[in-house]
Amino acid sequence: MNRFEHCQARLAENESFVAKDRNIKLYDGDAKTNFEDGEIVLTSHRLLWGRNGEIARGGSALSLRLKYVQSLDEEEASSMLFSRKKRIILRLAAVLPDKTPGPMDNSVASFIKISGKNGVESGFVQALQETVAAKIWLIEERENAGSTSVQQPSQRTLRTGIVGIERKLIEKQKQTDENITMAFKDLGKLMEMAKDMVTISKIVSTKIRERQGDISEDETVRFKSYLMSLGIDDPVTRDGTRSNTEYFMKLSQQLCEMLLDPITEAGGMMSLADVYCRVNRARGLELLSPEDLLEACKLLVGPIKLRQFPSGAMVLQLENHDDELVSRETSEIVKKYNSISADELARVVGISLLLANERLLVAEGLGNICRDESIEGLRFYPNLFLQ
């Protein structure tokens, strides 16, 4: 505290206001002082501390020249209700010969601490760091001494004060706006290309359907599915329909068209989570909410229908899906491996864990397999009573 000086809270001619904070206390090294619950003001050259209202009235205050500050650190301190607050540590240079009297001239501490009821505001700390780093006083001393600066005064940008901070924010906002503009330009081009790709995919899939060329049937089905999964060129949206009823009806029809082949290839059943990911990937930017997808699935009629298992899991499955047939296939797999768990069945068949678990439960419900629960988990075995 022996670097502080008594002063009147007035800005000098070459000094500018930067930031302020309230309810601030000062420490002499690690020791508390009587300078509590005051206001601290940061200028381009000094730190001013005064009792509440004194600085605003131009009354008496304490002044610390920023040229004393060699470095800034932060430390955490316990606060009420077990929260954490931060104190700012200012490590100071030796006392200058031209120092005027201050409040604690006999202090030997080489640093001070600034604290508050809830710590020091981060904006004030950042402003203090930038102001100390700018060292405006050094530039002025060089100019007064007649030294030549690397930059002309008219070209110099002072990164202090409210004007400097606002200038930085404006520059950053301008750069952000330019980046966003460029991103949306690229996105527009991408959307145009995506429509062209979907059109091409339909043309190619039509030609393949007509079996033009030496392509096997399996390759035809696989290539068609790859192309058709690129996207939907005209997705159903709320804006394109007159009512919610029309929206959900058209959406359910479009879901049926795009999901028939994928569900067939997946064995006749697909979890609603997989459906949600596949549909939104195909729709591009016109994403569906889970609620809209569920409402549309409830209206599905024809080759695909919504099914809910007793466990609560929901899937889309083909109307001709036969539980008994799938149950027999599952029991054959269980016999082949002697016993199996849900995750093992998922890897063998290539389906999700949820569907594998439901297949095992359905097969168990039909009496084709039986379960064994132990500390190792749930496993299913062939039903030997059937033999």
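Biologist: How many bridges join S2 to S4, and in which sense do the two strands run?

Modeller: In this predicted model, five bridges join S2 to S4, and the two strands run antiparallel. One of the pairs is Ala 19 with Leu 42, the latter being the bridge partner in S4.

Biologist: What makes S2 and S4 count as paired strands?

Modeller: Two strands pair if DSSP finds at least two bridges between them, and S2 and S4 have five, so they are called paired.

Biologist: Which other strand does S4 pair with, and what lies between the two?

Modeller: S4 is also joined by five bridges to strand S5 (residues 46–51), again in the antiparallel sense, and in this pairing Val 41 has Leu 48 of S5 as its bridge partner. The two strands form a hairpin with two residues between them.

Biologist: How do you know that S4 is mostly covered?

Modeller: Six of its six residues are buried, and this holds for both faces, with Gly 38, Ile 40 and Leu 42 on one side and Glu 39, Val 41 and Thr 43 on the other.

Biologist: What can be said of strand S9, its cover and its pairing with S2?

Modeller: Strand S9 (residues 111–116) is mostly covered too, since six of its six residues are buried. Phe 111, Lys 113 and Ser 115 point one way, whereas Ile 112, Ile 114 and Gly 116 point the other way. S9 pairs with strand S2 (residues 17–28) in the antiparallel sense over five bridges, and Asp 28 has Ile 112 in S9 as its bridge partner.

Biologist: Why is Glu 15 called buried?

Modeller: Buried means under 20% relative accessible area, and Glu 15 has 10%, so Glu 15 is counted as buried. Glu 15 lies in the loop between strand S1 (5–8) and S2.

Biologist: What makes the approaches of Glu 15 to Thr 43 and Arg 46 polar contacts?

Modeller: The pair of N or O atoms must be within 3.5 Å. The side chain of Glu 15 meets that of Thr 43 at 2.5 Å and that of Arg 46 at 2.9 Å, so both distances fall inside the limit. Leaving out residues up to four places away in sequence, Glu 15 touches Arg 10, Thr 43, Ser 44, His 45 and Arg 46.

Biologist: What is notable about the phi of Asp 37 and that of Lys 135?

Modeller: Most residues other than glycine have a negative phi. Asp 37, although not a glycine, has a positive phi of about 50 degrees, and Lys 135, also a residue other than glycine, has a positive phi near 50 degrees. Asp 37 is placed in the loop between strand S3 (31–32) and strand S4 (38–43), while Lys 135 is placed in the loop between helix H1 (122–134) and helix H2 (136–144).

Biologist: Why is Asp 37 called partly exposed, and why Lys 135?

Modeller: Partly exposed covers what lies between the buried limit of 20% and the exposed limit of 50%. Asp 37 has a relative accessible area of 39%, so the term applies, and Lys 135, at 32%, therefore receives it as well.

Biologist: Why does Tyr 337 count as partly exposed, and which surface patch does Tyr 337 help to make?

Modeller: Tyr 337 has 40% relative accessibility, which lies between 20% and 50%, so Tyr 337 counts as partly exposed. Tyr 337 is found in helix H8 (residues 323–337), and with Val 348 and Val 349 makes a nonpolar surface patch of about 230 Å².

Terms used. Residues numbered from 1 in each chain as written. Predicted model: local features only at pLDDT ≥ 70, side-chain atom pairs only at ≥ 80, totals over all residues. Heavy atoms only, no water. Patch = residues over 30% accessible without salt bridge, like charges linked within 9 Å, V, L, I, M, F, W, Y side chains within 5 Å. Areas by Shrake-Rupley, 256 points an atom, 1.4 Å probe, with all protein chains shown as cover. Salt bridge = Lys/Arg side-chain N within 4 Å of Asp/Glu carboxyl O. Helix = DSSP H or I, 4+ residues; strand = E, 2+ residues; numbered from the N terminus. Buried < 20%, exposed > 50% of the residue type's maximum accessible area, 1.4 Å probe, protein only. Polar contact = N/O pair within 3.5 Å; in protein donor to acceptor, adjacent residues only side chain to side chain. Contact = heavy atoms within 4.5 Å.
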